[in-house]
Each structure stands twice: as C-alpha cells, then as structure tokens.
Amino acid sequence: MTTLLTLGLFVFELKSVPFETISRQTDHRWASKDRVGGPPAQQYVGAGADSITVEGVLMPELTGGIPSLDKLREMAAEGKAWILVSGDGRNQGKWIVTSVTQRESHHVANGRPRRIDFSLGLKRYWDDDPEAMGSLPKSLP
C-alpha cells in the first residue's frame, strides 16, 4: 500500500484514488492606511487563506471510481475539519472540503464512465488556538 495523502480517514493511494497534481495557494494579509501628502502605508496583519487543490484521474476498472468521490462529498457535507497528513507522515493541520468536481468520459454501453477526472478543493481551518494560528504547515511534496 502506497499512501499519497490522508484526509481524516480517507486515504489517497496509488491503487484506489491516485492524484496527479496538488497545488497550494497561501495568502498573506496587508492593511493599507492612507497618509496625507504621501503614498499609503502598508502593515502586515497576518496570515490569510490557505487552500489546496488536488487533481487526478480515476479509471474505475483499475482505480477507485464514483463511490470514492461520493465519500469525499459526504465528508464535506458533515461540515467538519479533517486532519491532512502527507504521504511521508507530516501533519498538515486541519482542512475543510470546499468542493468536489468530477468530469466523466469514455462511457461504456451501460453509461458507466471508464475515465473520471476529479478535483478536490480544500481550505485550511484555523481554529482559535493561537499556537496553531501562528504557524503554517510545511509545504506538501
């Protein structure tokens, strides 16, 4: 078993739900204050939103299929934050599922897809723990 990523109890593996890319955007907030006779002053006010997009292709004859994506939708509907752990065991903190997108193609006679392109949107969940808020997790591989 080769674990690529774990979100809560949902495991992304090469043989079940492999992904091709992970992209991450980390924002930082700056406040602007107008000054008389000069340009606005900028002040760093802290970390902003942190989001991850996981994209991949499922081939139901070889890997996971629609039930795997349905499980991710169920997790999103629970309205909970989930611990994200990278394949090398690093805890990336708590994340919420903001979107699950699928695109089906190469259908067989009964209408089942042979290819499912998917995208999973995650957003960092910042709880009120001051220690957690002050530290961003290390980058994913």
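Residues are described here as buried when their relative accessible area is under 20%, as exposed when it is over 50%, and as partly exposed in between, with a 1.4 Å probe and protein chains only. Strands (E, at least two residues) and helices (H or I, at least four residues) are DSSP runs, numbered from the N terminus. The structure is a predicted model, in which local features need pLDDT of at least 70 and side-chain atom pairs count only at pLDDT 80 or more, while totals for chains, interfaces and linings use all residues. Residues are numbered from 1 along each chain as its sequence is written, and side-chain values use heavy atoms, with hydrogens and water left out.

In these terms, strand β5 shows an alternation of its side chains: Trp82, Leu84 and Ser86 point to one face and are buried, whereas Ile83 and Val85 point to the other face and are not buried. In general, the side chains of a regular strand alternate between the two faces of the sheet.

The chain contains 2 helices and 7 strands, which follow one another from the N terminus in the order β-β-β-β-α-β-β-β-α. Of its 141 residues, 32% are buried. Among the contacts (heavy atoms within 4.5 Å) with a separation of 6 or more, 60% are made by residues 24 or more positions apart.

The 7 strands form an open sheet in the order β2-β1-β5-β6-β7-β4-β3, with antiparallel pairing, where two strands are said to pair if DSSP finds at least two bridges between them. The edge strands of this sheet are β2 and β3 (21-35), each of which pairs on one side only, and the twist from one strand to the next averages 30°. Strands β1 and β2 are joined in the antiparallel sense over 4 bridges, and the bridge partner of Leu7 in β2 is Phe10. Strand β1 also runs antiparallel to β5, to which 3 bridges join it, and here Thr6 stands opposite Val85. The antiparallel pairing of β5 with β6 likewise rests on 3 bridges, with Trp82 opposite Trp95 of β6. The hairpin of β5 and β6 has 4 residues between the strands, and within this hairpin Gly89 takes a positive phi near 95°.

A positive phi is also found at His106, a residue other than glycine, where the value is near 55°. Most residues other than glycine have a negative phi. His106 lies in strand β6 and, at 55% relative accessibility, counts as exposed.

The largest nonpolar core (a set of buried Ala, Val, Leu, Ile, Met, Phe, Trp, Tyr and Cys residues joined through side-chain atoms within 4.5 Å) has 21 residues, of which Leu7, Phe12, Leu72, Phe118, Leu120 and Leu122 touch the most other members. Two or more residues of this core come from each of β1 (3-7), β2 (10-13), β4 (38-58), α1 (66-77), β5 (82-86), β6 (91-107) and β7 (113-124), and β7 gives the most, with 4 residues. Apart from its neighbours within four places in sequence, Leu122 is in contact with residues including Leu7, Ile52, Leu84 and Trp95. Helix α1 lies across β1, β2, β4, β5, β6 and β7 and runs at about 140° to β6, an angle taken between N-to-C directions on a scale from 0 to 180 degrees, with axes fitted as lines to C-alpha atoms and, for helices, over the stretch in contact.

The loop between β4 and α1 holds Thr63, which is buried, with a relative accessible area of 18%. Apart from neighbours within four places in sequence, Thr63 is in contact with Leu14, Lys15, Ser16, Pro18 and Leu58.

The structure holds 7 salt bridges, each defined as a side-chain nitrogen of Lys or Arg within 4 Å of a carboxyl oxygen of Asp or Glu. One of them joins the side chains of Arg114 and Glu61 (3.1 Å, N to O), and this pair links distant parts of the chain, with Arg114 in strand β7 and Glu61 in the loop between β4 and α1, 53 residues apart. Arg114 is partly exposed at 41% relative accessibility, whereas Glu61 is exposed at 56%. Another salt bridge joins Arg115 and Asp117 (3.1 Å, N to O), and these residues are linked with Arg103 in a network of salt bridges. Within this network, Arg115 is partly exposed at 27% relative accessibility, while Asp117 is buried, with a relative accessible area of 15%.
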